[in-house]
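Thanks for coming, everyone. Please bring up the sequence and the model on your screens. I'll walk through the packing.

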Amino acid sequence: EMAKANLRIKEISKILSKASSNDDDDSDSDDDLEDIEGLQAELKALQSANNANQAKLDHYEKNKKWNVDNLCHVVEERTIVNQNVGESKFSESGFALPKDGEAAAAAAVATASGGKVLSIEACKQ
C-alpha cells in the first residue's frame, strides 16, 4: 500500500515540477489542463497517510511481543538415542553387541597380529 502511494507521490511531484517550469511559456500543451490545486491536495493527503502508516508500523515494531510463534518454526524434531533399540542384539548385562561386520573385523585383526588381540568370543570364555 505504501509502495503504491510512493509511486503516486513521485508521479504527482513530476507533474507539479513540469507544470511549474511551464508557467512561463504560453504553449498549447495539455500540461495547462492539470488541476494544480487538486494535485497538491492529493500529494499532501498521500504524504500524511504514509506518515501515519509508518508511525503505526514503528509502534508495532517497538511494542512487539516475542513468543514461540513469532520466534522460530520447528520443521522436524527427532531424537535417536541408539539405533540398535529395535534389534535384540544385547548382552546379558544390557550393552549393545557389535554388528557382525565389526566382530569379523576384530577377529581378522586378532589373527593378523598373531593372536595378541582377543575377539569378543574369546573374552566370553
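The buried residues of H2 pack against H1. That is my starting point. Keep in mind that this is a predicted model.

Which residues of H2 are buried? They are Leu39, Leu43, Leu46 and Asn50. Now the partner. In H1, the buried residues are Ala5, Ile9, Ile12, Leu16 and Ala19. They cover an arc of only 95° around the axis, which puts them on the same side of H1. What covers the buried residues of H1 includes H2.

Turn H1 around. The face away from the buried side carries exposed residues: Ala3, Leu7, Lys10 and Lys14.

Next, the core. The largest nonpolar core has seven residues. From the start of the chain onward, they are Ala5, Ile9, Ile12, Leu16, Leu39, Leu43 and Leu46. Two elements give two or more residues to this core: helix H1, residues 2-21, and helix H2, residues 36-62. The largest share, four residues, comes from H1. Here is the general background: in soluble globular proteins, nonpolar side chains tend to be buried together.

Let me zoom in on a few positions.

Take Ile12. Ile12 sits in helix H1. Is Ile12 buried or exposed? Its relative accessible area is 0%, under the 20% cut-off, so Ile12 is buried. What does Ile12 contact, leaving aside neighbours within four places in sequence? Leu39, Glu42, Leu43 and Leu46. Look at Glu42 in that list. Ile12 and Glu42 are 30 residues apart in sequence, yet 8.3 Å apart in space, C-alpha to C-alpha.

Now go to the other side, to Leu43. Not counting residues up to four places away in sequence, Leu43 touches Ile9, Ile12, Ser13 and Leu16. Ile9, Ile12 and Leu16 are also members of the nonpolar core.

Then there is Asn50. Asn50 is in helix H2. Its relative accessible area is 10%, so Asn50 counts as buried. Which residue does the side chain of Asn50 pair with? Asn6: a polar contact of 2.7 Å joins the two side chains. Asn50 touches Met2, Ala5, Asn6 and Ile9, again not counting residues up to four places away in sequence.

Two more positions, on the less buried end of the scale. Glu37 is also in helix H2. At 57% relative accessibility, Glu37 is over the 50% cut-off, so Glu37 counts as exposed. Glu37 and Leu16 are 21 residues apart in sequence and 9.8 Å apart in space, C-alpha to C-alpha.

Asp35 is in the loop between H1 and H2. Asp35 has 47% relative accessibility. That value lies between the 20% and 50% cut-offs, so Asp35 is partly exposed. Asp35 and Ala19 are 16 residues apart in sequence, and their C-alpha atoms are 9.9 Å apart.

Now a check on helix geometry. H1 has 20 residues. At 1.5 Å a residue, H1 should span 28 Å, and its end C-alpha atoms are 28 Å apart, which agrees. H2 has 27 residues. The expected span of H2 is 39 Å, and its end C-alpha atoms are 39 Å apart, so that agrees too.

Step back to the whole protein. How many helices and how many strands are there? Five helices and zero strands. From the N terminus on, the elements run α-α-α-α-α. Buried residues make up 10% of the 125 residues. And among contacts with a separation of 6 or more, 50% come from residues 24 or more positions apart.

Last topic: confidence. The protein averages a pLDDT of 75. Of the residues, 60% score at least 70. Which element has the highest mean pLDDT, and which the lowest? H2 has the highest, at 93. Helix H5, residues 120-124, has the lowest, at 50. Where pLDDT is low, the predicted coordinates should not be read in detail.

To recap. The buried residues of H2 pack against H1. The seven-residue core draws its largest share, four residues, from H1. Asn50, also buried, has a side-chain polar contact with Asn6. Over to you for questions.

Technical notes
Residues numbered from 1 in each chain as written. Predicted model: local features only at pLDDT ≥ 70, side-chain atom pairs only at ≥ 80, totals over all residues. Heavy atoms only, no water. Core = buried A, V, L, I, M, F, W, Y, C linked by side-chain atoms within 4.5 Å. Buried < 20%, exposed > 50% of the residue type's maximum accessible area, 1.4 Å probe, protein only. Contact = heavy atoms within 4.5 Å. Polar contact = N/O pair within 3.5 Å; in protein donor to acceptor, adjacent residues only side chain to side chain. Expected span 1.5 Å × (residues − 1). Arc of directions from axis to C-beta. pLDDT = per-residue confidence, 0-100.
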